[in-house]
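Me: Please take a close look at one part of this chain, the second strand and its surroundings, and tell me how that part is paired, what it touches and how it sits within the whole.

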Amino acid sequence: MSIEGIVVPYELDARFKATSLLLSTNMELDLVIEHNAGETPLFEHLREPVRVKGFIREGKPGQWLIRVTDYKPLI
């Protein structure tokens with residue numbers, strides 16, 4: 001699946017540094033971006049529009065996750 005949105009912080013540490021990310025789409029769908037050990041190149045694109053490809057699945061009730069396989073910055 002391919003979807004566009006803005007990368008925003010989802011969780012912050014004690015120093016207010018983003019530890020996980022969310023893709024906020026214009027379809028009122030927020031997708032938590034899955035990552036391994038806090039490492040994903042999308043951290044370099046905070047508050048920027050991107051197009052991502054990946055697999056979407058349901059996490060906790062009412063929460064959607066996306067495992068990103070590819071992305072492209074839109075600016």
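Reply: Pro 9 has Leu 21 of strand E2 as its bridge partner, and this pair is a convenient place to start in what is a predicted model. Strands E1 and E2 run antiparallel and are joined by 6 bridges. The hairpin that they form has 5 residues between the strands, and Phe 16 there takes a positive phi near 65°.

On its other pairing, E2 meets E3, again in an antiparallel arrangement, through 4 bridges. Two residue pairs let you locate this on the model: Leu 22 stands opposite Val 32 in E3, and Leu 23 has Leu 31 of E3 as its bridge partner. The hairpin of E2 and E3 has 5 residues between the strands, and Glu 28, in the turn, has a positive phi of about 60°.

How enclosed is E2 by the rest of the structure? Of its 7 residues, 5 are buried, so the strand is largely enclosed by what surrounds it. Leu 21 gives a good idea of those surroundings: with neighbours within four places in sequence left aside, Leu 21 is in contact with Val 7, Val 8, Pro 9 and Tyr 10, with Leu 31, Val 32 and Ile 33, and also with Thr 40, Leu 42, Phe 43 and Leu 46.

Several of these names return in the largest nonpolar core, which has 11 residues, namely Ile 3, Val 7, Ala 18, Leu 21, Leu 23, Leu 31, Ile 33, Leu 42, Val 50, Val 52 and Ile 66. Strands E1 (2–12), E2 (18–24), E3 and E4 each supply at least two residues of this core, and the largest share, 3 residues, comes from E2. As a general point, side chains in a regular strand alternate between the two faces of the sheet.

To see where E2 belongs in the whole, follow the strand order. The sheet is a closed barrel of 5 strands that runs E1-E2-E3-E5-E4, with mixed pairing, and its neighbouring strands are turned by 50° against each other on average, with direction ignored. Beyond E2, strand E3 (residues 30–33) is joined to strand E5 (residues 64–73) by 3 bridges, and these two strands run parallel. In that pairing Val 32 stands opposite Leu 65 in E5, while Val 32 is also the residue of E3 that Leu 22 stands opposite. Strand E4 (residues 49–58) and E5 are antiparallel and are joined by 9 bridges, with Arg 51 standing opposite Lys 72 in E5. The hairpin of E4 and E5 has 5 residues between the strands, and Gly 62 takes a positive phi near 80° there.

Arg 51 also leads to the charged pairs, since a search of the whole structure finds 2 salt bridges. In one of them the side chains of Arg 51 and Glu 4 meet at 2.5 Å, N to O, and this pair links distant parts of the chain, with Arg 51 in strand E4 and Glu 4 in strand E1, 47 residues apart. Arg 51 is partly exposed at a relative accessible area of 31%, and Glu 4 is partly exposed at 39%. The side chains of Glu 34 and Arg 57 meet in a salt bridge at 3.3 Å, N to O; here Glu 34 lies in the loop between E3 and E4 and Arg 57 in strand E4, 23 residues apart. Glu 34 counts as partly exposed at 28% relative accessibility, as does Arg 57 at 41%.

The loop between E3 and E4 also holds His 45, which counts as buried because its relative accessibility is 12%, under the 20% cut-off. Apart from neighbours within four places in sequence, His 45 is in contact with Val 7, Val 50, Tyr 71 and Pro 73. Of these, Val 7 is also a contact of Leu 21, which brings the description back to E2.

For the chain as a whole, there are 0 helices and 5 strands, and 28% of its 75 residues count as buried. Among contacts between residues at least 6 apart in sequence, 44% join residues at least 24 apart. The radius of gyration is 12 Å, which agrees with the value near 11 Å for a compact globule of 75 residues, and the C-alpha atoms fill a box of roughly 35 × 35 × 20 Å along the principal axes.

Key. Residues numbered from 1 in each chain as written. Predicted model: local features only at pLDDT ≥ 70, side-chain atom pairs only at ≥ 80, totals over all residues. Heavy atoms only, no water. Pairing = 2+ DSSP bridges. Buried < 20%, exposed > 50% of the residue type's maximum accessible area, 1.4 Å probe, protein only. Contact = heavy atoms within 4.5 Å. Core = buried A, V, L, I, M, F, W, Y, C linked by side-chain atoms within 4.5 Å. Salt bridge = Lys/Arg side-chain N within 4 Å of Asp/Glu carboxyl O. Axes fitted to C-alpha atoms, helices over the stretch in contact; angles between N-to-C directions. Rg over C-alpha atoms; globule rule 2.2 N^0.38 Å.
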